Amino acid sequence: MIDLSTEYLGLKLANPLVPSSSPLTGELDSAKRLEDAGASALVLPSLFEQAIEYEQKQLEQFVHSQALGHYEAQSYQPVPEDYTSELDNHLERIQQFKASLDIPVIASLNGISTSGWIDTGKELQQAGADALELNVYYIAADPDTSSVEVENRYLQLLTDLRQHVSIPITMKLSSQFSSVANMVLKLQQAGAHGVSLFNRFYQPDIDLETLRIKPQLELSTPMESLLRIRWIALIRGRIDISLAATGGFHNADTIIKALLAGADVTHLCSVLLQQGPSHIATLNSRITRWLEEHEYESVAQMKGSVCRSCAINPAALEHSNYLDVIKSYEA
Ligand SMILES: Cc1cc2nc3c(=O)[nH]c(=O)nc-3n(C[C@H](O)[C@H](O)[C@H](O)COP(=O)(O)O)c2cc1C
């Protein structure tokens, strides 16, 4: 019997397949289908800083406009006693998921500023979240902002939250750091239990007729997994931190490669949106078959066996074979 279990963020998981934030992880019905198909944990859709701020401003304006109004006029406006905020809904969802699912539920916060996140983080923890993923969605477009300042934003946010939240925290990172490995090390030193490599930034396009910027959402392709696999292989064994591979994991082959590189889990999103929750069962059975065929007893046994720390030729994972690669091209 092959043992697929793995440990991620200190959580014991039945296997390495964890659906990442998406509409599928936000509804109890689809979350149950993910669990039934074999998902070992799930990450909820993010709570967005922008959305909460906007909602708070709307509410303040509403209350303020009432306070300025005439007494009679106020009575015509319903006081929102039964009003439930985005945050309230989110907390309720965590409680509902925790009561209905057996797998760990990881909450996700998306934002760039510290203010507000501490209270929110505490509330997510109280609602029962097993861990917290921070998605610092920040495009460093200002030429006056240095890379150190950008990195400090991440570190400050984590440090502040770490002081108030005791559940494991993982950071969903972009690949666009000058030194990814050093950034991961600094996050680990600041108290992160894990990192998810890498976030996908959605690239806006230009409409050639209207000359307007048009936002577009493209699902990932399996080719994108290679960047993740490479960086996990470079980091595994050198920094003591949980590693999640995210972005482009659509089939068992790419997932097995991520595990060989040293990932503790792989996150799945696009493939589940395309194939449905039941695809997790197919992936788990293909991974099991590969392990059997290659005479491994468990995921733990094969995990990290092709990482840089244990590679016979570490240079193959780094830059020095670049020349061989470009020379290998045949027209
Ligand atoms: C429709 C949709 C909604 C998403 N919502 C979130 C979100 O709320 N928070 C987040 O961190 N990532 C979100 N993501 C990103 C995914 O969790 C995942 O990181 C990304 O799609 C890459 O993984 P994949 O290649 O398996 O799709 C979303 C992606 C899609 C397609």
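Of the 331 residues of the protein, 37% count as buried, a term for residues with 20 or more other C-beta atoms within 10 Å of their own; exposed residues have 12 or fewer, those in between are partly exposed, and C-beta atoms are placed from the backbone. The model is predicted: local features need pLDDT of at least 70 and side-chain atom pairs count only at pLDDT 80 or more, while totals for chains, interfaces and linings use all residues. Residues are numbered from 1 along each chain as its sequence is written.

The protein has 13 helices and 13 strands. These are DSSP runs numbered from the N terminus, helices (H or I) having at least four residues and strands (E) at least two. Among contacts between residues at least 6 apart in sequence, 70% join residues at least 24 apart; two residues are in contact if their C-beta atoms, placed from the backbone, lie within 7 Å.

**The nonpolar core**

In soluble globular proteins, nonpolar side chains tend to be buried together. Here the largest nonpolar core has 75 residues, and Leu42 and Ile232 have the most contacts inside it. Such a core is a set of buried Ala, Val, Leu, Ile, Met, Phe, Trp, Tyr and Cys residues joined through C-beta atoms within 7 Å. Helix H8 gives the most to this core, with 6 residues. Leaving aside residues up to four places away in sequence, Ile232 touches Leu197, Leu243, Ala245, Ala258, Ala261, Gly262 and Ala263.

**Helices H6 and H7**

Helix H6 comprises the 18 residues 147–164, which at 1.5 Å a residue should span 26 Å; the end C-alpha atoms are 27 Å apart, which agrees. The expected span is 1.5 Å times one less than the number of residues. Tyr154, Leu157, Leu158 and Leu161 of H6 are buried. Seen down the axis of H6, the buried residues fall within an arc of 90°, so they line one face of the helix; the arc is that of the directions from the helix axis to the C-beta atoms. On the other side of H6, Val148, Glu149, Gln163 and His164 are exposed. The cover over the buried residues of H6 includes helix H5 (117–127), strand E7 (131–135), strand E8 (169–173) and helix H7 (180–189).

In H7, the buried residues are Met183, Val184 and Leu187. They cover an arc of only 100° around the axis, which puts them on the same side of H7. Asn182 and Gln189 are exposed on the other side of H7. The buried residues of H7 pack against H6, E8, strand E9 (194–197) and helix H8 (225–235).

**Backbone geometry**

The table lists backbone angles and their places.

| Site | Angle | Place |
|---|---|---|
| Leu9 | phi near 55° | loop between strand E1 (6–8) and strand E2 (11–13) |
| Gly191 | phi about 110° | just after H7 |
| Glu295 | phi near 60° | loop between helix H11 (279–293) and helix H12 (299–302) |

Leu9 is buried, with 24 other C-beta atoms within 10 Å, whereas Glu295 counts as exposed, with 8 C-beta neighbours inside 10 Å. A cis peptide bond, with omega about -5°, joins Leu197 and Phe198. Phe198 is in the loop between E9 and strand E10 (205–206).

**The ligand shell**

The ligand is surrounded by 21 residues, the closest being Ser20, Ser21, Ser220, Cys269 and Ser270; a residue is near a molecule or strand if its C-beta atom, placed from the backbone, lies within 6 Å of it. Strand E6 (105–110) and helix H10 (270–275) are the elements that give two or more residues to this shell.
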